[in-house]
Amino acid sequence: MRTQVGIVGAGPAGLLLSHLLWLEGIESVVLEARGREYIEQRVRAGVLEQGTAELLERAGVGERMRRQGMVHHGIELRFGRRRHRVPLTDLTGKSLTIYGQQEVVKDLIRARLDAGGQILFEVDDVRPEAVEGDRPLVRFRYGGGEQELHCDVVAGCDGFHGVCRDAVPAAARSVYQHDYPYAWLGVLAQVAPSSDEIVYASSERGFALHSMRSPQLTRLYLQVEPDEPLERWPDERIWEELQARLGTDDGWTLGEGPILEKGVTAMRSFVVEPMRFGRLLLAGDAAHIVPPTGAKGMNLAVADVRLLAEALAAWYKTGDTGPLDAWSATCLRRVWRVQDFSTWMTTMLHRAPGDDDFQRKLQRARLEYVAGSEAAARSLAENYVGLERV
Ligand code: FAD
Ligand code: DHB
């Protein structure tokens with residue numbers, strides 16, 4: 001097989017890249033390890049920055065998002081059993097849209113297949129090769145047979161556990177990593193959201209988050225131990241803990257309902273530099289992970305591939321390699337800004353096991369500052385809705 005851009009991974013990064021390239025008249029083939037149904041059902045991110053939503057709209061894949069997405073103009077910080085609203089739109093002029101990542105994935109798969117795009121699901125043993133030269137290829141197994149995809153460049157969009165990053169020799173990459181001493185237990189519950197806006201709660205018992213997916217579906221997260229076994233969290237315990245951590249003194253109540261889905265996610269910061277090695281380009285979670293507290297992972301993946309599609313279009317159309325040569329450094333500026341913001345939100349809101357009273361007092365002072373100072377709230381707000389230029 002031969003194409004212009006070989007894309008490994010059909011997450012938001014790989015699918016959107018394939019779609020944006022098609023809009024530029026550039027061919028690609030997407031290779032995905034899982035089945036279509038699995039990736040369309042996998043519950044993950046839900047918060048789209050305004051720039052992400054606008055890009056999906058401009059690219060012609062925003063129709064369902066416009067109808068079903070929930071546009072929000074603020075978020076709530078909860079601590080000391082009190083509520084503090086951060087009015088994002090008043091502070092920045094921008095909003096955010098809540099729309100499940102798997103819905104974005106569904107919309108992109110449909111758009112690619114309707115346009116005759118090629119996505120091969122359930123491929124096995126994917127191996128990018130010869131990426132240092134100008135004739136790279138991807139070997140893989142598909143339908144029981146060995147296959148080769150020859151291309152001009154390989155886009156490694158295969159997420160944090162993918163194989164593309166390992167195709168870069170260890171001596172040619174630097175890795176920056178930080179693990180957090182907690183994880184998130186995420187649940188999807190069949191009950192109307194109990195708040196109009198996303199709630200980030202810091203409590204003596206740890207962090208909790210109240211979000212939503214629709215007028216009938218609530219998305220909730222609890223800080224838990226790293227590698228927490230799910231068996232330790234029967235539904236009653238989850239609700240008890242959510243009630244305790246999200247509770248306020250002003251009579252707010254959390255509605256409960258059947259839990260449809262639950263899972264534990266490790267929290268880490270990770271960056272590999274550079275994001276390009278020869279003809280291999282690593283985009284999205286394949287190149288970087290941020291802790292989820294700032295709702296940034298998918299937005300970063302989208303920012304990477306928007307720039308990558310532009311850079312590849314310039315190269316194919318005019319032979320100009322400038323944007324492609326600058327791509328990694330341009331992306332990494334945003335990656336590190338977002339890494340700092342996500343770490344700041346995370347450490348402000350979670351309770352680390354070893355924290356002493358001094359640390360707790362500092363955390364409280366930070367929260368009070370954001371709640372009480374417009375300058376501090378504006379800084380949070382502009383990062384949360386997404387910076388245009390970094
Ligand atoms: P992925 O979505 O991981 O896609 C990679 C794809 O590659 C997958 O489909 C995988 O099956 C495939 N693949 C892997 N290995 C191979 C292989 N060897 N060969 C072929 N295919 C392969 N981000 C936000 O922006 N906002 C949020 O609100 C938010 N909340 C989150 C909450 C949770 C609980 C979690 C877990 C994440 C959250 N994120 C959030 C992060 C976001 O989900 C990720 O950053 C996003 O999925 C990255 O997209 P991606 O396309 O780079 O990678
Ligand atoms: C959601 C996820 C996040 O990581 C976050 O910070 C806010 C909301 C969500 O899944 O809705």
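**Reading strands, a ligand shell and rings**

User: Which residue of β11 stands opposite Leu 137?

Analyst: Leu 137 faces His 150 in β11. Please keep in mind that this is a predicted model.

User: What makes β10 and β11 a pair of strands?

Analyst: Two strands count as paired when there are at least two bridges between them. Strand β10, residues 137-142, shares six bridges with β11, so the pair qualifies. Its sense is antiparallel. In general, strands of a sheet pair through backbone hydrogen bonds, in either a parallel or an antiparallel way.

User: Why are β9 and β11 called edge strands?

Analyst: The sheet is an open one of three strands, in the order β9-β10-β11, with antiparallel pairing. Both β9 (124-129) and β11 (145-150) pair on one side only, and pairing needs at least two bridges, so each of them is an edge strand. On average, neighbouring strands of this sheet are turned by 20° against each other, direction ignored.

User: Let's turn to ligand 2. How do you know that Tyr 200 and Ser 211 make polar contacts with ligand 2?

Analyst: The cut-off for a pair of N or O atoms is 3.5 Å. From the side chain of Tyr 200, an N or O atom is 2.6 Å from an oxygen atom of ligand 2. For Ser 211, a polar side-chain atom is also 2.6 Å from an oxygen atom of the ligand. Both values are within 3.5 Å, so both are polar contacts. Thr 293 qualifies through its backbone, with an N or O atom 3.4 Å from an oxygen atom of ligand 2. The protein covers 96% of the 290 Å² of accessible area that ligand 2 has on its own.

User: Which strand gives the largest share of the shell around ligand 2?

Analyst: That is β15, with three residues. Strands β15 (206-214) and β16 (217-224) each supply at least two. The shell has 13 residues, and among those that come nearest are Arg 213, Tyr 221 and Pro 292. By class, seven are nonpolar, three polar and three charged.

User: Why is the aromatic pair of Trp 184 and Phe 207 called stacked?

Analyst: A search of the whole structure finds nine aromatic pairs. For Trp 184 and Phe 207, the ring centres are 5.5 Å apart and the planes make an angle of 20°. Centres within 6.5 Å make a pair, and planes under 30 degrees apart make it stacked, so both conditions hold. This pair links distant parts of the chain: Trp 184 belongs to strand β13 (residues 174-189) and Phe 207 to strand β15, 23 residues apart.

Technical notes. Residues numbered from 1 in each chain as written. Chains lettered and ligands numbered in written order. Predicted model: local features only at pLDDT ≥ 70, side-chain atom pairs only at ≥ 80, totals over all residues. Heavy atoms only, no water. Near = heavy atom within 4 Å. Polar contact = N/O pair within 3.5 Å; in protein donor to acceptor, adjacent residues only side chain to side chain. Areas by Shrake-Rupley, 256 points an atom, 1.4 Å probe, with all protein chains shown as cover. Helix = DSSP H or I, 4+ residues; strand = E, 2+ residues; numbered from the N terminus. Nonpolar A, V, L, I, M, F, W, Y, C, P; charged D, E, K, R; others polar. Axes fitted to C-alpha atoms, helices over the stretch in contact; angles between N-to-C directions. Phe/Tyr/Trp six-rings, centres within 6.5 Å; stacked < 30°, edge-to-face > 60°.
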